[in-house]
Amino acid sequence: MTVERLTEIPVVFYRTSGGAEPVLEWLRGLPPEDRRAIGTDLATVQFGWPIGMPLCRPLGTGLWEVRSTLPSRRIARLMFFVDEGRIGVVHGFIKKTQKTPDSDLEIARKRMKEMKA
C-alpha cells in the first residue's frame, strides 16, 4: 500500500524593507482561538491548492482571499497570491462591511507587487 503525500506549497509572509512583518504582527494580536482558525484555513490552502469557494475567493489580478469565520464571531480575511511555487500572504484584516474596502485591496496589491519584484 502506498501512502500519498499532499503537496505542500511554502507560505511566505510579507516583510517590509525594515524587516517588519505586518501580517504576522496582526495575527499575533488576535486571540489564540482566532489565530488557530485562520491558521487551519491557511493550512487547508497550503496543502490543497487550488481551492475555491467558500474558503477562497479570487479578487482579480492574481490576488486571492482566505475567508475565515472566527470563534469570536467575527470574520477575518487573509489576502494572498500564488507565484513561483509559493503562497505570498500580503494582508490580513477583520471584515466589518460586506464589501472589501478599497484601501485593503490597495495595500494587498502594492505588497504583492513588492514581493514579486
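Q: In what order do the five strands of the open sheet stand, and how are they paired?
A: Strands of a sheet pair through backbone hydrogen bonds, in either a parallel or an antiparallel sense. In this predicted model, the five strands form an open sheet ordered β1-β5-β4-β3-β2, with mixed pairing; strands are DSSP E runs of at least two residues, numbered from the N terminus, and two of them pair if DSSP finds at least two bridges between them. Because β1 (11-13) and β2 (56-60) stand at the edges with a single partner strand each, one side of each is left without a neighbour in the sheet. Neighbouring strands are turned by 35° against each other on average, direction ignored, the axes being lines fitted to C-alpha atoms.

Q: How many bridges join β3 and β4, and in which sense do these strands pair?
A: Strand β3 (residues 63-69) and strand β4 (residues 75-83) pair in the antiparallel sense over seven bridges, and Trp64 stands opposite Phe80 in β4.

Q: Where is Lys95 placed, and what lies 2.9 Å from a polar atom of its side chain?
A: Lys95 belongs to strand β5 (residues 86-95), and the backbone oxygen of Gln98 lies at 2.9 Å from a polar atom of the Lys95 side chain.

Q: Which side chain of opposite charge is nearest to Lys95?
A: That side chain is Glu65, 5.0 Å away, and Lys95 is buried yet has no salt bridge; buried means under 20% relative accessible area with a 1.4 Å probe, protein chains only, and a salt bridge needs a side-chain nitrogen of Lys or Arg within 4 Å of a carboxyl oxygen of Asp or Glu.

Q: What limits apply to these values?
A: Local features need pLDDT of at least 70 and side-chain atom pairs count only at pLDDT 80 or more, whereas totals for chains, interfaces and linings use all residues. Residues are numbered from 1 along each chain as its sequence is written, and side-chain values use heavy atoms, leaving out hydrogens and water.

Definitions and conventions: Helices (H or I, at least four residues) and strands (E, at least two) are DSSP runs, numbered from the N terminus. Buried means under 20% relative accessible area, exposed over 50%, partly exposed in between (1.4 Å probe, protein chains only). Lys and Arg count as positive and Asp and Glu as negative; His and the chain ends are not counted. A polar contact is a pair of N or O atoms within 3.5 Å; within protein, one must be able to donate a hydrogen and the other to accept it, and residues adjacent in sequence count only if both atoms are side-chain atoms. Axes are lines fitted to C-alpha atoms, for helices over the stretch in contact, and angles run from 0 to 180 degrees between N-to-C directions.
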